[in-house]
Every structure is written in structure tokens, then in C-alpha cells.
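The following report describes the architecture of a single protein chain, from its overall dimensions to selected local features.

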Amino acid sequence: MKSLGIGLIGTGYMGKCHALAWNAVAPTFGDVARPRLVHLGEANEALARSKATELGFARASGDWGRVVEDPEVDLVSITTPNQFHAEMAIAALTAGKHVWCEKPMATSLADATAMLEAAEASGKVAALGYNYIQNPATRHMRRLIADGAIGTVNHVRVEMDEDFMADAAAPFGWKSEAASGYGALDDFAVHPLSLLTVLVGPLASVVVDMAKPYAERPLASGGSRAVETHDIANILFRLQSGASGSLLVNRSAWGRKGRIAIQIFGSEGSLLYDQERMNELQLFQARGPAAEQGFRTILTGTVHPPYDRFIPAPGHGLGFNDLKVIEARELMRRIAGEPAHLIEFATGLRIERTVHAMARSHETRGWVDID
């Protein structure tokens, strides 16, 4: 596998995460050529130069277009705010680059569709940043379900909660602007939708109610501005398999830091998982004497690949950034023509269609089928 030349656009929280992943993927897995950190793009030259030095990139530009045009760049990591994803991804694909774009794909269905069309026309790999599906714990859940460990899945419940927008006094930011999308649905619910997709399959229909816990937020310059997005969404759904389910998401849930709680109920057992305890899952199987049945905790370790590539002993735990390293490795496998565990643009567009169906349901106050 030849060394990839990496371009990075955006150096915030997720940009740093991508840079750490590109730096760590070769020494972690040992079977790929070390990526070359070629070109970093930011909002201005000074910030770009500073971040390039910090993250290890050879060149820096205050114009993201120069990253896309760089002939030494083979792949572009896009980690900018949601509303810029489509333009940047399409430009990179048109220039013949592979793309690793953070979720969600775009803020409009038309833009997401155009992104997929650009990917198909380019023949390049285009993947989305859904790294929670890479967790050895959720990968093991997938295997258990596929192997029939809990029988036929008939009901699913998912809750995703964080409190980064819980403070009513926090100033108005871009995530409260309509330009960023719907709010909790596309900024947030897409993560559990990615997990549902790989664990139990896609959704078929939805009914949704969204809410704004705060009607307005203060401006740093004084006064206030009306909040244009919804921080809470309550969803009932049917899977394509026919199973029922619910998805509850809240970006303003005090005390919740990174919770994705999944309960999967089957005809012969159940699985439980909580992202805040990301290195374990619980399995119940309706087998053996009733007096001895109960949930058992499975702690991830070297028997749950690719945990073993990071730590040689169980119980020590992986973290969020480690999942991004795994995702980078899967992306490199896909570029090399090998099977890979990723959410590519085609599947990502299905998630986007689901999000927009949810928004239509909220507007029409009724069930909506997902196209």
C-alpha cells in the first residue's frame, strides 16, 4: 500500500482528531505506509501556518482551494462546519482526490446527492466520519446479532445525549443557525443512525417531534438572537426489517457528556451498550435455568479486534481518538481495494434521506416513509 499524501481542511476539534489519526495509523497497525501530511488549509494564513507546525503538515494555506489543487495531495480530510462540506468535497473529488468528510454529509439533501454524484463520477473513495461504528464493542454487537445470539431483532431503543448546549446563558453560535442544518437531527442523530445502519439495518418510516429548550440565546456583542435549530428530537421508527424502535436525542441534557445508549431486543435475548462506558457491552440470553439467567458484562479486550493493535491486555480501554485511527485504517484498506467497514457516501446519503424525512415528519405532524 503506497503512502498517501494527506490534505486537511479545518483544524478544530475534529481536524486535530484527523491529524492524530493520520500520524498514528501506521505505527498502530504496522501494515500500511505512513501517510505524508502534505497540506493544511485554514481560514487565514497565520492560523494555517501555526496549525501546520503543531500538527506536522509540510505546507499551509489560508485558502482551502490550494489544498484541493495540490498535486501531492491524494486524499482530503474535511473537518469544517457542516455548511461547507458539500462545496469542499465536490471540489476535492472533481480534482481526483479521495475524501474523508466529517458527518453530516451536507445541510441539504440536494447537496448530499450532488456529493454522491461527484464521488461516483470521480471513481474515488468518499467516506464519512462515523467512527462510533469502529468501536470493538459495537463491532462485537454486530457479530452477535449476525450470529443469532439474541434471535430475531424485534425492537430497538436508542438515546443520544450531551450537554454542550445545555446552558441557557451560552452565546449564540453557528450550531444554532439554520445554515448549519436542523440541529439535533443532522448534527447529532446521524451518529446513532450510523450505528443502527450497521447493527440492525436502515429505517423505513418515522414520526418525529422536535423541540427548542431555549427560544433565544445571547449575542457576544449584546442583545440576543432567536435560535433557528432544534436541540431535542423524539423519533419513533420502523426498520426495513419490520422491527419497531425509538430514537431520542438531546444536545442540552445536563450531566450527559457522550451518551449513546442502545438497547436491542430479540426473540432470544437482548444487548445493551452505552457510549459513556465504551469498552463494555451487556448480553442477556434466554438460555439455561431461569434462576441463573441475567445480563453479563463483556469487557472488550484483545479477542475483540482491532483492540489488540492498541493494547496487549484487556481492561485498559480505548478512547474516541483510537476509533478515528481505526477509521483511517479502514479508509486506507478501501483505497487499496480491500473490504472495509465504513460509511461511504452511498450509505451516508441514505442516512441524510432519513434525517430529511424526520424533518418532514415534524412539519407535517405524521408518519413519513423514507424514500
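What is the accessible surface of the chain, and what share of it belongs to carbon and sulfur atoms? In this predicted model, the accessible surface comes to about 14900 Å², and carbon and sulfur atoms contribute 51% of that area.

**Overall form**

Nine helices and 17 strands constitute the secondary structure of the chain. Along the principal axes, the C-alpha atoms fill a box of roughly 65 × 55 × 40 Å. The radius of gyration is 21 Å, which agrees with the value near 21 Å that a compact globule of 371 residues would have. Of the 371 residues, 55% are buried. Among contacts with a separation of 6 or more, 68% join residues that are 24 or more positions apart. The chain carries 36 positive and 42 negative charges, and the mean positions of these two sets are 3 Å apart.

**Aromatic pairs**

Six aromatic pairs are found in the whole structure. One of them is formed by Phe29 and Phe310, whose rings meet edge-to-face, with 6.1 Å between the centres and 80° between the planes. This pair links distant parts of the chain, 281 residues apart: Phe29 belongs to helix H1 (residues 13-29), while Phe310 is in the loop between strand E16 (296-299) and helix H8 (320-335). Phe29 has a relative accessibility of 10% and therefore counts as buried, whereas Phe310, at 22%, is partly exposed.

A further pair is made by Phe284 and Phe295; it is classed as tilted because the planes stand at 50°, with the ring centres 5.4 Å apart. Phe284 lies in strand E15 (residues 280-285) and Phe295 in the loop between E15 and E16, so the pair ties together parts that are 11 residues apart in sequence. Phe295 is partly exposed, with a relative accessible area of 41%. In addition, Tyr13, Tyr132 and Phe320 form one aromatic cluster.

**The surroundings of His85**

His85 is located in helix H4 (residues 85-94). Is this residue buried or exposed? Its relative accessibility is 0%, so His85 counts as buried. Leaving aside residues up to four places away in sequence, His85 touches Ile78, Thr80, Cys101, Glu102, Lys103, Pro104, Met105 and Met115. His304 is 219 residues from His85 in sequence, and their C-alpha atoms are 33 Å apart in space.

Two of the residues that His85 touches, Lys103 and Pro104, are joined by a cis peptide bond. Pro104 is in the loop between strand E5 (98-102) and helix H5 (109-122).

**Backbone features**

The table lists two cis peptide bonds and a positive phi angle.

| Residues | Feature | Angle | Location |
|---|---|---|---|
| Lys103 to Pro104 | cis peptide bond | omega near -15° | Pro104 in the loop between E5 and H5 |
| Pro305 and Pro306 | cis peptide bond | omega about 5° | Pro306 in the loop between E16 and H8 |
| Arg365 | positive phi | phi near 60° | loop between H9 and E17 |

The loop between E16 and H8 holds Pro306 and also Phe310 of the edge-to-face pair described above. Arg365 takes its positive phi as a residue other than glycine. The loop containing Arg365 lies between helix H9 (345-364) and strand E17 (368-369). With a relative accessibility of 53%, Arg365 counts as exposed, in contrast to the buried His85.

Note on methods: Residues numbered from 1 in each chain as written. Predicted model: local features only at pLDDT ≥ 70, side-chain atom pairs only at ≥ 80, totals over all residues. Heavy atoms only, no water. Helix = DSSP H or I, 4+ residues; strand = E, 2+ residues; numbered from the N terminus. Rg over C-alpha atoms; globule rule 2.2 N^0.38 Å. Buried < 20%, exposed > 50% of the residue type's maximum accessible area, 1.4 Å probe, protein only. Contact = heavy atoms within 4.5 Å. Areas by Shrake-Rupley, 256 points an atom, 1.4 Å probe, with all protein chains shown as cover. Lys, Arg positive; Asp, Glu negative; His and termini not counted. Charge placed at Lys NZ, Arg CZ, Asp CG, Glu CD. Phe/Tyr/Trp six-rings, centres within 6.5 Å; stacked < 30°, edge-to-face > 60°.
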